[in-house]
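I opened this notebook to record what I looked up in the structure and in what order. The entries follow the sheet, then the helices, then single residues.

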Amino acid sequence: SPPADFYVKKLDLRNEGDAELVIKEVKDKNIIILNVTPIAKQPKRFKRILMKLKTFVEKVNGDIAMISKTLFIITPERVKIVKARK
């Protein structure tokens, strides 16, 4: 099949280097499904990295949302996630 313009990719978040990879992928206009299970047992580190990703996403006018306790979706600019309100 021909190459696509953009991709949906699943990545694991283990450390700061993985966060940089997420940022690179979002800059390349890819949508990321982020598995945070590997870093979830380190809450301070997890929170710090997640805040870095949220700040980046806001800066580029993308979006981020929790799918489950261990999965997040991160989108590039001009792609918004419809979030259910309770």
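**Entry 1. Sheet.** I began with the rule for pairing: two strands pair if DSSP finds at least two bridges between them. I note at the outset that this is a predicted model. I then looked up the strand order and found an open sheet of four strands, S1-S2-S4-S3, with mixed pairing. S1 (8–12) and S3 are the edge strands, each pairing on one side only. Direction ignored, neighbouring strands of this sheet are turned by 20 degrees against each other on average.

**Entry 2. Strand pairs.** I next asked how many bridges join S2 to S4. I found four between S2 (residues 31–35) and S4 (residues 71–75), and the two strands run antiparallel. Within S2 and S4, I recorded Ile 33 standing opposite Ile 73.

I turned to S3 (residues 63–66), which pairs with S4 in the antiparallel sense, again over four bridges. Ala 65 has Ile 73 of S4 as its bridge partner, and Met 66 has Phe 72 of S4. I therefore logged Ile 73 twice, as it stands opposite Ile 33 and is also the bridge partner of Ala 65. The connection from S3 to S4 is a hairpin through four residues. As background to reading such pairs, I noted that side chains in a regular strand alternate between the two faces of the sheet.

**Entry 3. Helix H2.** I looked up where H2 (residues 43–59) lies and found it across S2, S3 and S4, running at about 25 degrees to S4. I checked its length: at 1.5 Å a residue, the 17 residues should span 24 Å, and the end C-alpha atoms are 24 Å apart, which agrees.

Which residues of H2 are buried? I listed Phe 46, Ile 49, Leu 50, Leu 53, Phe 56 and Val 57. Seen down the axis of H2, these buried residues fall within an arc of 120 degrees, so they line one face of the helix. Their cover includes H1, S2, S3 and S4. On the face of H2 turned away from the buried side, I recorded the exposed residues Lys 44, Lys 47, Glu 58 and Lys 59.

**Entry 4. Helix H1.** I then took H1 (residues 16–27) and repeated the length check. The 12 residues should span 16 Å at 1.5 Å a residue, and the end C-alpha atoms are 17 Å apart, which agrees. The buried residues of H1 are Asp 18, Ala 19, Val 22, Ile 23, Glu 25 and Val 26. Viewed down the axis of H1, they fall within an arc of 165 degrees, so they line one face of the helix. I found that S1, S2, H2 and S4 are among the elements covering them.

At the start of H1, I noted a side-chain oxygen of Asn 15 within 2.9 Å of the backbone nitrogen of Gly 17.

**Entry 5. Glu 25.** I singled out Glu 25, which lies in helix H1. Is Glu 25 buried or exposed? Its relative accessible area is 8%, and the cut-off for buried is under 20%, so I entered Glu 25 as buried. I then looked for partners of its side chain and found a polar contact with the side chain of Asn 30, at 2.7 Å. Leaving aside neighbours within four places in sequence, Glu 25 is in contact with Lys 9, Leu 11, Asn 30 and Ile 32.

**Entry 6. Positive phi.** Finally, I looked up backbone angles after the two helices. H1 is followed by Lys 29, which lies in the loop between H1 and S2. Phi of Lys 29 is near 75 degrees, a positive value in a residue other than glycine. With a relative accessible area of 30%, I recorded Lys 29 as partly exposed.

H2 is followed by Asn 61, which is found in the loop between H2 and S3. Phi of Asn 61 is near 65 degrees, again a positive value in a residue other than glycine. Asn 61 counts as partly exposed, at 43% relative accessibility.

Terms used: Residues numbered from 1 in each chain as written. Predicted model: local features only at pLDDT ≥ 70, side-chain atom pairs only at ≥ 80, totals over all residues. Heavy atoms only, no water. Axes fitted to C-alpha atoms, helices over the stretch in contact; angles between N-to-C directions. Contact = heavy atoms within 4.5 Å. Buried < 20%, exposed > 50% of the residue type's maximum accessible area, 1.4 Å probe, protein only. Polar contact = N/O pair within 3.5 Å; in protein donor to acceptor, adjacent residues only side chain to side chain. Expected span 1.5 Å × (residues − 1). Arc of directions from axis to C-beta.
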